[in-house]
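Work through the following exercises with the sequence and coordinates open. Each task is followed by a solution in steps.

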Amino acid sequence: MKVLLLKDPKDKDSGPDPYIKELGLYGFEATSIPVLSFEFISLESLFEKLSHPECYGGLVFTSPRALEAIKICLKENSKNEAWSKSLKQRWNTKPAYVVGKATASLVEEIGLSPQGEKSGNAEKLAEYICSREKPNSSALLFPCGALKREVLPTVLREKGIPVESLTVYQTAQHTDLQESLSSYFSQQGIPASIVFFSPSGIKFCLQHIQKLSGDFINHVKFAAIGPTTAEAMEDAGIPVSCTAESPTPQDLAAGIQKALHVQNC
């Protein structure tokens, strides 16, 4: 059975995609189609803030893209040297809060120790942070995307924990999305399951998928990587057959297998 993953095929520069690999263990033939493109912005401002760890109580990351922004900054020799010589060690005395394993692994790549990776979504991470931070302490630096939800900053501020958000990337539709979807459906047919990885993915893909699937769309089992995406799917009128218990390849594959098996597809 075929599974269509609406995400960038590469989580890292090398090695097999972990979602495709995990779904393959269940006998699924998975394909990834990139949905989003990202433009990184305010990188000078980002590094300026990273250069003053004494001003902050810690870091918050809810997206791998925020770490990509930092890694772009560190490609410059002078900034990389400053990071390696002192900044990294100084930030390591403070918490680096993250959502999910993918973000956690990127935090480790820049030399920091992630906390809260089992949270799975912004709401649970906010609860985790509230259990560890004292009110009216130094602000947490939160590099984020232009489309970020306000859940995490709102919850923290309500508890008296200051957050300083900095938009470091903007999200747009991938230039090849429509062509890639048309090619997939014409060559491989309608998949047994389609997985959305973000509310943006729903916004950019749904109309094309409805058109390409026609009446057969009712046979597709739609899956969500997490509760935020599932909520956006429901708002768009998409029946959610499964939501991964946590945003990992293992939980997603298990959820899809259960959803398809229950329906005897």
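**Exercise 1.** Describe the area buried between domain 1 and domain 2 in this predicted model.

Solution. Step 1: the buried area between domain 1 and domain 2 is about 740 Å². Step 2: carbon and sulfur atoms give 57% of that area. Step 3: counting contacts as heavy atoms within 4.5 Å, nine residues of domain 1 touch 11 residues of domain 2.

**Exercise 2.** State how many salt bridges and how many polar contacts cross the interface of domain 1 and domain 2.

Solution. Step 1: the salt-bridge rule returns zero across this interface. Step 2: the search for residue pairs in polar contact, both at pLDDT 80 or more, also returns zero.

**Exercise 3.** Identify which helices supply at least two residues each to the side of domain 1 that touches domain 2, and classify the residues of that side.

Solution. Step 1: the helices are H9 (199-213) and H10 (227-235). Step 2: H10 gives the largest share, three residues. Step 3: by class, this side of domain 1 has four nonpolar, three polar and two charged residues.

**Exercise 4.** Locate the two domains along the chain and give the separation of their centres.

Solution. Step 1: domain 1 is made of 2-35 + 176-262, and domain 2 of 39-172. Step 2: taken over C-alpha atoms, the centres of domain 1 and domain 2 are 28 Å apart.

**Exercise 5.** Characterise the stretch covered by the UniProt domain annotation.

Solution. Step 1: the unreviewed UniProt entry places "Tetrapyrrole biosynthesis uroporphyrinogen III synthase" on residues 19-253. Step 2: over residues 19-253, the chain is 47% helix and 20% strand. Step 3: the end C-alpha atoms of residues 19-253 lie 8 Å apart.

How values were computed. Residues are numbered from 1 along each chain as its sequence is written. This is a predicted model: local features need pLDDT of at least 70, side-chain atom pairs count only at pLDDT 80 or more; totals for chains, interfaces and linings use all residues. Side-chain values use heavy atoms; hydrogens and water are left out. Domain bounds come from an automatic or database domain assignment. Buried area is the accessible area (1.4 Å probe) that two parts lose on being put together, summed over both. A salt bridge is a side-chain nitrogen of Lys or Arg within 4 Å of a carboxyl oxygen of Asp or Glu. A polar contact is a pair of N or O atoms within 3.5 Å; within protein, one must be able to donate a hydrogen and the other to accept it, and residues adjacent in sequence count only if both atoms are side-chain atoms. Helices (H or I, at least four residues) and strands (E, at least two) are DSSP runs, numbered from the N terminus. Ala, Val, Leu, Ile, Met, Phe, Trp, Tyr, Cys and Pro count as nonpolar, Asp, Glu, Lys and Arg as charged, and the others, Gly among them, as polar. UniProt positions are given in the numbering used here, feature names are shortened, and annotations may be inferred rather than shown by experiment.
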